[in-house]
Amino acid sequence: MTTRVALAGSTGSIGTQTLDVVRAENERAPGSYDVVALAAGSSADLVIEQAREFHPQLIAVADDDARRRVAEALPDCTVVAELGAVVEPADVVVNGVVGFAGLAITVDTLRAGKRLALANKESLIAAGPVVQPLRATPGAELVPVDSEHCALHMCLRSSFAPEREVSRLLLTASGGPFRGRSAAELAEVTVESALAHPTWAMGPKITVDSSTLMNKGLEVIEAHELYGTSYDDIDVVVHPQSVVHSMVEFVDGTTIAQLSMPDMKLPIGYALGYPDRIATPFGAIDWTTLSRLDFEPPDRATFRCLDLAYQAGRAGGSAPAWLSAANEIAVESFLSGNLPWNAIPDVCVDVLQVHDGEIPKSVDEVIEADATARRLATDIVNART
């Protein structure tokens, strides 16, 4: 049986690795996966190359000029502007769009009763009050793609009654490129050094978030949204080797962990094949060479974004949306040279201090909350320059 795949964000890190998984699986068992739709922002050349290899029936391109180029190069393919159009022909939709822009794909996929392979954590974090009811749509299922929540998903499958048996969730963090450094040592961080992640190859925004531990903080909120676990029962532990991807501790003292070498193609393949497993062993461990696994608590004083995420998560409502939006503006400003790395949490603090306490009840209200926080964050950044 062929699984029809739609890939939103096909030219990004998650998108290109998803196509790697499809190639590998189709080589083992021809026809296992059919890429029926691609969506991209503005990378016309790459999406044209992908389409010529995988022959999707539909391509969505957000940028007007790029869309015209794609349409001219692929006259036999339907090319549209609306990214959400990729949902209809698919069995599983991989949402690899970066940032808040991925919200529409998340909502449209769940509303259509399809499987959502979610790599876009911001849409679930920012729109939790809106997304959660959609998960009850008949046929809808959400399988997380990022390594930590995929690991939790695997571990939780071992329990028949996780609501009674789970004591806590433990998210592991590599610590990023600045693990062990003091705040004083991080006063002059460069973009190049922030993008030099020790174990993972990711896009620039997520890599910077890893360096500040905001990525881990957002994952705490995501774990709460995915599994309904109280914030008091979600902990973070630094594990620099990135081999243990997360753990679940049960009430009898048992801890179950998911281990593999760091390779995003493993969680992507897990989401594509769920509830079955794919046959390609991405991330398999050579146990003759793995000599140690280290763990330590995070430095919350230096990496303040982690506790900011707990604060926003506990506040609920639109607070996570405000934090996610403020962080996106701050990271963009850092990457463009307009904000120091150590000021990223300052921008987020200033935005959260004026949070209005609203609880969004619709996608439009989530979009409005996001826009409000972005305006505030932009004003704060501009005032600093």
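**A note on the largest pocket and its annotated residues**

1. Let us begin with Asp146, which, once neighbours within four places in sequence are left aside, is in contact with Leu118, Glu219, Glu222, Met264 and Pro267. Please keep in mind that this is a predicted model. Asp146 sits in the loop that joins β7 (141-144) to α7 (147-156). With a relative accessibility of 8%, Asp146 counts as buried, because the cut-off for that word is under 20%. The side chain of Asp146 also makes a polar contact of 2.7 Å with the side chain of His149.

2. Asp146 does not stand alone in the records. An unreviewed UniProt entry carries the annotation "binding site" for Asp146, Glu148 and Glu219. These residues span 74 residues in sequence, yet no two of their C-alpha atoms are more than 9.2 Å apart, so they gather at one spot. Asp146, Glu148 and Glu219 are also part of the lining of the largest pocket.

3. Glu148 is worth a look of its own. This residue belongs to helix α7 and, at 10% relative accessibility, counts as buried. Not counting residues up to four places away in sequence, Glu148 touches Leu171, Thr172, Lys216, Glu219, His245 and Ser246. Glu219 thus turns up among the contacts of Glu148 and also among those of Asp146.

4. Now for the pocket itself. How much space lies in the largest pocket? The volume comes to about 720 Å³. The lining is made up of 48 residues, and the closest to the pocket centre are Ile14, Ala119, Met202, Gly203 and Ile206. Two or more lining residues come from each of α1 (13-28), β2 (33-40), α5, α7, β8 (166-173), α10, α11 and β10 (244-250). Sorted by class, the lining holds 22 polar, 18 nonpolar and eight charged residues.

5. Which element gives the most to this lining? That is α10, with five residues. Helix α10 covers residues 204-212 and is mostly covered, with seven of its nine residues buried. The buried ones are Lys205, Thr207, Val208, Asp209, Ser210, Ser211 and Thr212. They pack against several other helices: α5 (121-126), α9 (191-194), α11 (214-227), α13 (305-315), α14 (319-335) and α15 (344-352). Just after α10 comes Leu213, which has a positive phi, near 70 degrees.

6. There is another annotated set to find. UniProt, again in an unreviewed entry, lists Thr11, Gly12, Ser13, Ile14, Gly41, Asn120, Glu122 and Gly203 under "binding site". The lining of the largest pocket takes in Thr11, Gly12, Ser13, Ile14, Gly41, Asn120, Glu122 and Gly203 from this set. Ile14 and Gly203 have already appeared above, among the residues closest to the pocket centre.

7. Two members of that set make a nice pair to inspect. Are Ser13 and Glu122 buried or partly exposed? Ser13, in helix α1, is partly exposed, with a relative accessible area of 29%. Glu122, in helix α5, counts as buried at 5% relative accessibility. Leaving out residues up to four places away in sequence, Glu122 touches Gly99, Phe100, Ala127, Lys205, Ser324 and Glu328. Lys205, one of these contacts, is also one of the buried residues of α10.

Technical notes: Residues are numbered from 1 along each chain as its sequence is written. This is a predicted model: local features need pLDDT of at least 70, side-chain atom pairs count only at pLDDT 80 or more; totals for chains, interfaces and linings use all residues. Side-chain values use heavy atoms; hydrogens and water are left out. UniProt positions are given in the numbering used here, feature names are shortened, and annotations may be inferred rather than shown by experiment. On a 1 Å grid over the protein atoms alone, a cavity is a set of points where a 1.4 Å probe fits but cannot get out, and a pocket is an open set with protein on both sides within 12 Å along at least five of seven lines; lining residues have an atom within 4 Å of a point. Helices (H or I, at least four residues) and strands (E, at least two) are DSSP runs, numbered from the N terminus. Buried means under 20% relative accessible area, exposed over 50%, partly exposed in between (1.4 Å probe, protein chains only). Contact means heavy atoms within 4.5 Å. A polar contact is a pair of N or O atoms within 3.5 Å; within protein, one must be able to donate a hydrogen and the other to accept it, and residues adjacent in sequence count only if both atoms are side-chain atoms. Grid points are joined across faces, edges and corners, and a volume is the space filled by probe spheres set on the points. Ala, Val, Leu, Ile, Met, Phe, Trp, Tyr, Cys and Pro count as nonpolar, Asp, Glu, Lys and Arg as charged, and the others, Gly among them, as polar.
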